[in-house]
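Let's take a quick tour of this protein model, one topic at a time. Keep the 3D view open and click along as you read.

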Amino acid sequence: GIAAVLFGLAANGCGSVEPPTPALAPAPAASPGTPVWLPVLQKAAEGYPGVAFAVAGPNGQMWTGALGLADTTSRTVMTAETPVSVYSVSKTMTAALALKLVEQGKLDLDRPIREIAAVPPAFAGLKMRELLSHTAGVRHYRDGEWLPNARKGCSRPEEGLAAFASDPLGPRGVYRYSCFGYVLAGHVLEAAGGEGFGKVVTNGG
């Protein structure tokens, strides 16, 4: 079989008065040089301004490419190398990295995080298992918080702690979806891995 990974994105200028970007162009007619999966992938990408993709074949073949626009205002064409914001896809990376560090003996999911990294006092007794399963009681975004935080960005998880470091915890052991909980988890993983988050993810611990 063929596994396809779509990285959908990119709509800077969503607030423009211009009409929205139409769906991607219809799939081209099949030809001897057209991979059989391309029309299927293009159909799946309809409705997104632009997508970058990677397709892995059964024999180790790899195709990368892109469709549509990276920026609807400047009409910049999307390429396979265009940086995009992955947003909550990073939670999957964070959880996978945590398990990798456990496998390497660098992380104990049930050890208080204060023993791994410097954390705000309110979070000292939390454990990685709780953060990864959204049961640590760390709050999620309040109304109106997501966009300013998303636009601000940060180069390291530690820079994002200030947004919620002084807030009280909710009940522990109760599922409560939390982006901020994963910011804290990323900060702890940096300490466990001994490098910045991006490098730890790239190096697999």
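Leaving out neighbours within four places in sequence, Ser 178 is in contact with Lys 91, His 134, Val 138, Arg 139 and His 140. Bear in mind that this is a predicted model. Ser 178 makes a handy starting point, and the bullets below pick up from there.

**Around Ser 178**

- You'll find Ser 178 in the loop between α4 (146-152) and α5 (179-193).
- Is Ser 178 buried or exposed? Its relative accessible area is 2%, and anything under 20% counts as buried, so Ser 178 is buried.
- The side chain of Ser 178 also reaches the backbone oxygen of Val 138, at 3.1 Å.

**Salt bridges**

- How many salt bridges are there? The count comes to 9.
- Arg 139, which you just met as a contact of Ser 178, has a salt bridge with Glu 145, at 2.8 Å from N to O. Arg 139 and Glu 145 are both buried.
- Another pair is Arg 156 and Glu 190, whose closest N and O atoms are 2.9 Å apart. This pair links distant parts of the chain: Arg 156 sits in the loop between α4 and α5, while Glu 190 belongs to helix α5, 34 residues apart.
- The two ends of that link have their own surroundings: Arg 156 is partly exposed at 39% relative accessibility, whereas Glu 190 is buried at 5%.
- Salt bridges with shared partners tie Arg 139, Arg 142, Glu 145 and Asp 167 together into one network.
- Over in helix α2, Lys 100 and Glu 103 are 3 residues apart, which is about one turn of the helix. They form a salt bridge too, with 3.3 Å between the closest N and O atoms.
- Lys 100 is partly exposed, with 36% relative accessibility, and Glu 103 is exposed, at 61%.

**Helix α2 and a nonpolar patch**

- Which residues form a nonpolar patch on the surface? They are Val 86, Val 89 and Met 93, and together they have about 200 Å² of accessible area.
- Met 93 is part of helix α2 (residues 89-103).
- With a relative accessible area of 33%, Met 93 counts as partly exposed.

**Gly 186 in helix α5**

- Look for Gly 186 in helix α5. Gly 186 is buried, with a relative accessible area of just 3%.
- What does Gly 186 touch, if you skip residues up to four places away in sequence? Thr 94, Pro 157 and Phe 197.
- Gly 186 and Ala 95 are 91 residues apart along the chain, yet 9.1 Å separates their C-alpha atoms.

**Strands β2 and β3**

- Why can we call strand β2 (residues 50-56) largely enclosed by the rest of the structure? Because 6 of its 7 residues are buried.
- Strand β2 pairs with strand β3 (residues 62-71) in the antiparallel sense, over 7 bridges.
- For one of the partnerships, find Ala 56: its bridge partner in β3 is Met 62.
- The hairpin of β2 and β3 has 5 residues between the strands, and in this hairpin Gly 60 takes a positive phi near 90°.
- Here's a general point to try out on screen: in a regular strand, side chains alternate between the two faces of the sheet.

Technical notes. Residues numbered from 1 in each chain as written. Predicted model: local features only at pLDDT ≥ 70, side-chain atom pairs only at ≥ 80, totals over all residues. Heavy atoms only, no water. Buried < 20%, exposed > 50% of the residue type's maximum accessible area, 1.4 Å probe, protein only. Helix = DSSP H or I, 4+ residues; strand = E, 2+ residues; numbered from the N terminus. Pairing = 2+ DSSP bridges. Patch = residues over 30% accessible without salt bridge, like charges linked within 9 Å, V, L, I, M, F, W, Y side chains within 5 Å. Areas by Shrake-Rupley, 256 points an atom, 1.4 Å probe, with all protein chains shown as cover. Salt bridge = Lys/Arg side-chain N within 4 Å of Asp/Glu carboxyl O. Polar contact = N/O pair within 3.5 Å; in protein donor to acceptor, adjacent residues only side chain to side chain. Contact = heavy atoms within 4.5 Å.
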